[in-house]
Amino acid sequence: MGENARHRILAACYKLMLPVARALLTNGISYLEFDEMCRQAFVQTASREFGVRRRETNTSRIAAMTGLPRKQVHEIKKNLQSGDLESSDRLSPLADLLQRWATSVDYQDHNGQPVMLKTQDDGTNSFARLVRTCMGDVPPGAVKAELLRLGAISVSADDLLNLKRRSLIPEDVGTRLESAIVYSLRGLANTIAHNCDPNIGESDRLFERFVESPSMSDSDASRFKTLLRSRLTEITEELDSLLAADARTDEADRNRRVGIGLYYTE
C-alpha cells in the first residue's frame, strides 16, 4: 500500500472514530478501556485471519503485523484462549470511583448506604479524597463536572454530593448502544472489510450503497425525516418477512445468517 493511500485510510478512520468517540464518551466509556479492547481485537484478527494454511498466526508474526510487543501479544492471546479478557473485569477510573463510593465501608453510613460527600478535602472521607484514591492528580472539580454530565451524581442545596447510581451507563441506554454496535455498526464494518479485501472478486462483493441529499432547508429536512421514518419502517418489515419466508432448506442445513441495515443520518 502506498503512503498516500495509507494516509487517506487513516484520515477516513479518524472521521469514523469521531462519532464512535462521541457515543463512548457520552456513555462513560474511557479511552483506556477502548484502547485495551482495540489491542485485543487486533491480536484476535491477526491470529485467526492471517495464519498460513488455516493455522493460527504465531506470536512473532502478530507482533510484526500489529506493532505490539511480543510479550503483550502472548498475554492477550492467552486471555483470548481462556476467555478471560482484561476488559471484562477492569473498571475505568470513573467506574471504579462510583463502585468504591457505593461499596467501601469508608464511604457508607451505619445502614450500609453511600454517604453524601463534601467536595473539598477537609481531612474526612471527602469527594476530593475519593478522587485522589481512584484517579490520582485529576482535579476533583473536573471529575464532579463529568459525573454530573453523566447523571451519576447530584448536588444538594448545601453543596453535598449525592450518589444517584452505581454505574456510569443507565441500563436502558447501555442496551440501546450495545444493540446499535452489534446489529448496525458491526454489520456495516464486516461488509466494508469484506468488500475491501483485495482477494475478493467483484462478483463476490456484498451490496453496499449510500445516498445523500443535496442541500435543503431545515423545514424540508424535518419533513423528509418524518416521511423517511415511515418508509424505512415499511421496508424493514417487508425485508423481515422476506428473510423469514425464504428459509427453504431443512433446519439442519442452516449454518449462515444474513442481514440488511438501513439508517438515517444528517
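S47 is a buried residue (buried meaning under 20% relative accessible area with a 1.4 Å probe, protein chains only), with a relative accessible area of 6%. Its place is in helix 2, which spans residues 31–49; helices (H or I, at least four residues) and strands (E, at least two) are DSSP runs, numbered from the N terminus. The side chains of S47 and E56 are joined by a polar contact of 3.4 Å, a term for a pair of N or O atoms within 3.5 Å in which, within protein, one must be able to donate a hydrogen and the other to accept it, while residues adjacent in sequence count only if both atoms are side-chain atoms. Leaving aside residues up to four places away in sequence, S47 touches R55, E56, T57, I62 and K77, where contact means heavy atoms within 4.5 Å.

The model is predicted, with local features needing pLDDT of at least 70 and side-chain atom pairs pLDDT 80 or more, whereas totals for chains, interfaces and linings use all residues. Residues are numbered from 1 along each chain as its sequence is written, and side-chain values use heavy atoms, without hydrogens and water.

Now to the wider chain: 9 helices and 3 strands are present, and buried residues account for 20% of its 266 residues.

Strand 3 (residues 160–163) pairs with strand 2 (residues 153–155) in the antiparallel sense over 3 bridges; pairing requires that DSSP finds at least two bridges between two strands. Within this pair, S154 stands opposite N162. Along strand 3 the side chains alternate, with L161 and L163 buried on one face and L160 and N162 pointing to the other, not buried.

Notes. Buried < 20%, exposed > 50% of the residue type's maximum accessible area, 1.4 Å probe, protein only.
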